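Please study the structure shown below before reading on. The paragraphs that follow lead through one sheet and then turn to a loop.

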Amino acid sequence: QLQLVESGGGLVQPGGSLRLSCAAAGSTLDYYAIGWFRQAPGKEREGLSCIKSGHGDTYYTNSARGRFTISRDIAKNTVYLQMNNLRPEDTAVYYCATDWCSSWFTPNDYDNWGQGTQVTVSL
């Protein structure tokens with residue numbers, strides 16, 4: 001089965017940037033749609049962005065649009081989430097998952113998750 005491993009999180013100051021990675025193993029990423037989500041303590045898991053298989057169409061939620069960018073590198077079997085102008089409210093555990101992408105996507109559409117990577121935005 002496909003395994004997903006997130007990395008790239010850490011501590012960053014407000015206004016800073018991070019690039020998260022979602023590395024896949026066990027199959028080619030070209031066959032899968034990938035979504036990025038986050039979950040802060042006491043809050044529901046929130047969708048951010050997703051990328052389709054095939055042509056790689058992308059979608060963003062209001063929380064991510066304008067500041068975050070999803071991309072993929074098929075040769076490296078990795079999907080990225082570039083996050084710019086980070087704010088304290090972006091602090092959360094960030095997850096990638098398969099296998100869905102549409103203009104409407106929720107956590108219930110996904111059945112395979114990575115373990116998450118912590119992002120903390122603070123002075």
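In this predicted model, strand β7 is joined to strand β8, which spans residues 78–83, by 6 bridges, and the two strands run antiparallel. Two of the residue pairs can be named individually. Arg72 has Val79 of β8 as its bridge partner, while Asp73 is matched in the same way with Thr78 of β8. Between β7 and β8 lie 4 residues, and the two strands with this connection make up a hairpin. Within the hairpin, Asn77 adopts a positive phi near 55 degrees.

The hairpin strands belong to a wider arrangement. An open sheet is formed by 4 strands, whose order is β1-β3-β8-β7, with antiparallel pairing. Why do β1 and β7 each have one side without a neighbour in the sheet? Both β1 (3–7) and β7 (68–73) stand at the edges and have a single partner strand each, so one side of each remains without a neighbour. On average, neighbouring strands in this sheet are turned by 20 degrees against each other, direction being ignored. As a general principle, strands of a sheet pair through backbone hydrogen bonds, in either a parallel or an antiparallel manner.

Attention may now pass to a loop. Ser102 lies in the loop that connects β9 (92–98) with β10 (112–113). Which residues does Ser102 touch, leaving aside those up to four places away in sequence? The contacts of Ser102 on this count are Cys50 and Tyr59. Gly26 is 76 residues from Ser102 along the chain, and the C-alpha atoms of these two residues are separated by 24 Å.

Conventions:
Residues numbered from 1 in each chain as written. Predicted model: local features only at pLDDT ≥ 70, side-chain atom pairs only at ≥ 80, totals over all residues. Heavy atoms only, no water. Contact = heavy atoms within 4.5 Å. Pairing = 2+ DSSP bridges. Axes fitted to C-alpha atoms, helices over the stretch in contact; angles between N-to-C directions.
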